[in-house]
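Work through the exercises below with the sequence and the 3D view open beside you. Each task is followed by a solution that proceeds step by step.

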Amino acid sequence: MQVLNFPAYQFRLKNSENKVAIFDRIRKKFVILTPEEWVRQHTVHYLIEHKKYPVSLINVEKLVKVHDTNKRYDIIIFNPDGSIFLIVECKSHTVPITQGVFDQIARYNLALDATYLMITNGMQHYYCQMDYKEMNYCFLQDIPAYT
């Protein structure tokens with residue numbers, strides 16, 4: 001797999017029906033290793049190991065209803081009170097980060113009201129903080145670590 005712009009991590013891999021699978025420590029199961037999953041798993045490890053977010057506050061690949069349409073987000077981190085701290089949209093390293101990707105996470109956030117947004121293709125990472133009072137957002141250099 002492609003070397004990504006994340007620290008190096010140790011992953012559990014296995015062959016399953018002639019396909020490589022990677023262990024997802026949030027879902028607690030092996031999932032087929034696609035280029036997007038490679039980015040997702042690096043992001044999960046980054047959030048846990050470098051930003052110190054508790055595993056108990058992280059969800060991966062769950063449904064969210066956006067304007068009567070079922071969508072699937074990549075990663076969400078909850079606040080301890082159940083509100084949403086961060087939404088992460090992951091793309092394959094071959095997918096450029098375009099306005100369409102920002103539009104996608106913005107649509108998800110209409111239903112989720114996260115404080116922070118992160119978009120990554122494993123090579124480039126973008127971070128935003130939402131300001132609901134002023135109805136805008138600002139780009140950040142990074143997201144805050146867990147406190």
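A salt bridge is counted here when a side-chain nitrogen of Lys or Arg lies within 4 Å of a carboxyl oxygen of Asp or Glu. The structure is a predicted model, and it holds 10 salt bridges.

**Exercise 1.** Find the distance between the closest N and O atoms of Asp-24 and Arg-27, and decide whether each residue is buried or partly exposed.

*Solution.* Begin with the pair itself: the closest N and O atoms of Asp-24 and Arg-27 are 2.7 Å apart, and the two residues form a salt bridge. Next, consider accessibility, for which buried means under 20% relative accessible area and exposed means over 50%, with partly exposed in between. Asp-24 has a relative accessibility of 0% and therefore counts as buried, whereas Arg-27, with a relative accessible area of 23%, is partly exposed.

**Exercise 2.** Determine which parts of the chain are tied together by the salt bridge between Arg-27 and Glu-37.

*Solution.* First, note that the side chains of Arg-27 and Glu-37 meet in a salt bridge with an N to O distance of 2.9 Å. Then place both partners: Arg-27 lies in the loop between strand 2 (19-24) and strand 3 (29-32), while Glu-37 lies in helix 1 (residues 35-50), so the pair ties together parts that are 10 residues apart in sequence. Finally, Glu-37 is buried, its relative accessible area being 4%.

**Exercise 3.** Locate Glu-61, describe its salt bridge with Arg-27, and state which residues belong to the network that salt bridges with shared partners create.

*Solution.* The closest N and O atoms of Glu-61 and Arg-27 are 3.8 Å apart, and this pair forms a salt bridge. Because Glu-61 lies in strand 4 (residues 58-66) and Arg-27 in the loop between strand 2 and strand 3, the pair ties together parts that are 34 residues apart in sequence. Glu-61 is partly exposed, with a relative accessible area of 22%. As a last step, follow the shared partners: they join Asp-24, Arg-27, Glu-36, Glu-37, Arg-40, Glu-61 and Asp-74 into one network of salt bridges.

**Exercise 4.** Describe the surroundings of Gln-104, leaving aside residues up to four places away in sequence.

*Solution.* Start with its position, since Gln-104 lies in helix 2 (residues 99-112). At 14% relative accessibility, Gln-104 counts as buried. Beyond the excluded sequence neighbours, Gln-104 touches Glu-89 and Lys-91, and a polar contact of 2.9 Å joins the side chains of Gln-104 and Lys-91.

Technical notes
Residues are numbered from 1 along each chain as its sequence is written. This is a predicted model: local features need pLDDT of at least 70, side-chain atom pairs count only at pLDDT 80 or more; totals for chains, interfaces and linings use all residues. Side-chain values use heavy atoms; hydrogens and water are left out. Buried means under 20% relative accessible area, exposed over 50%, partly exposed in between (1.4 Å probe, protein chains only). Helices (H or I, at least four residues) and strands (E, at least two) are DSSP runs, numbered from the N terminus. A polar contact is a pair of N or O atoms within 3.5 Å; within protein, one must be able to donate a hydrogen and the other to accept it, and residues adjacent in sequence count only if both atoms are side-chain atoms. Contact means heavy atoms within 4.5 Å.
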